[in-house]
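Student: I have a model open and I'd like to learn how to read it. Can we go through it together?

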Amino acid sequence: MHEYSIVQSLLESCEEHAKINDAKKVTKVVVKIGVLSGVEPELLQTAFDTFKEKTICDDAQFIINIQKVEILCNKCKAKSTLQKHEFACPKCQSTDIKVTDGEDMYLMSLELE
């Protein structure tokens, strides 16, 4: 369960941002998780709820935004968001594509007090 190590890193990052901004606590944490990132949102939520206790994020709301796979077709140059895990351009059906989003997890924003 690498979600636990992700949350520990996330909490450390929150503490750093709070310290830099002279904040006493974090009230909201927003992350974006790509469907190809390998991160399970439910497990991440559970890990956050477990490890946030007695940290600067103790009362923080945790919001997870799921990012679908976005591609650029190298053949027809169309940009598309894939609805399924079929890695082909929906416009021309080419499999010569580049994934441009949906593979990573990002800390998008924090609300601090």
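Tutor: Sure, we'll take the sheet, then the helices, then the aromatic rings. Keep in mind that this is a predicted model.

Student: Let's start with the sheet. How many strands form it, and in what order?
Tutor: The general idea is that strands of a sheet pair through backbone hydrogen bonds, either parallel or antiparallel. Here, three strands make an open sheet, ordered β2-β1-β6, with mixed pairing.

Student: Which are the edge strands?
Tutor: An edge strand pairs on one side only, and that describes β2 and β6 (105-112). On average, neighbouring strands in this sheet are turned by 15° against each other, ignoring direction.

Student: In what sense do β1 and β6 pair?
Tutor: Antiparallel: β1 (residues 26-34) and β6 are joined over seven bridges. To find one on screen, click Val26, whose bridge partner in β6 is Leu112.

Student: Now the helices. Which strands does α1 touch?
Tutor: Helix α1 packs on the sheet and touches β1, β2 and β6, with its direction at about 40° to that of β6. Helix α2 also lies across β1, β2 and β6, and runs at about 165° to β2.

Student: On to the rings. How many aromatic pairs are there?
Tutor: Two. For each pair, look at the distance between ring centres and the angle between planes: under 30 degrees counts as stacked, over 60 as edge-to-face.

Student: Is the pair of Tyr4 and Phe51 stacked or edge-to-face, and why?
Tutor: The ring centres of Tyr4 and Phe51 are 5.3 Å apart and the planes sit at 80°, so this pair is edge-to-face. It links distant parts of the chain, with Tyr4 in α1 (residues 3-20) and Phe51 in α2 (residues 41-51), 47 residues apart.

Student: Are those two side chains buried or exposed?
Tutor: In between. Buried means under 20% relative accessible area and exposed means over 50%. Tyr4, at 29%, is therefore partly exposed, and Phe51, at 30%, is partly exposed too.

Student: What about Phe48 and Phe62: stacked or edge-to-face?
Tutor: Their ring centres are 4.1 Å apart and their planes are at 10°, so Phe48 and Phe62 are stacked. This pair also links distant parts of the chain: Phe48 belongs to α2 and Phe62 to strand β2 (residues 61-67), 14 residues apart.

Student: And are Phe48 and Phe62 buried or exposed?
Tutor: Use that under-20% cut-off again. Phe48 has a relative accessible area of 0%, so Phe48 is buried; Phe62, at 9%, counts as buried as well.

How values were computed: Residues numbered from 1 in each chain as written. Predicted model: local features only at pLDDT ≥ 70, side-chain atom pairs only at ≥ 80, totals over all residues. Heavy atoms only, no water. Phe/Tyr/Trp six-rings, centres within 6.5 Å; stacked < 30°, edge-to-face > 60°. Helix = DSSP H or I, 4+ residues; strand = E, 2+ residues; numbered from the N terminus. Buried < 20%, exposed > 50% of the residue type's maximum accessible area, 1.4 Å probe, protein only. Pairing = 2+ DSSP bridges. Axes fitted to C-alpha atoms, helices over the stretch in contact; angles between N-to-C directions. Contact = heavy atoms within 4.5 Å.
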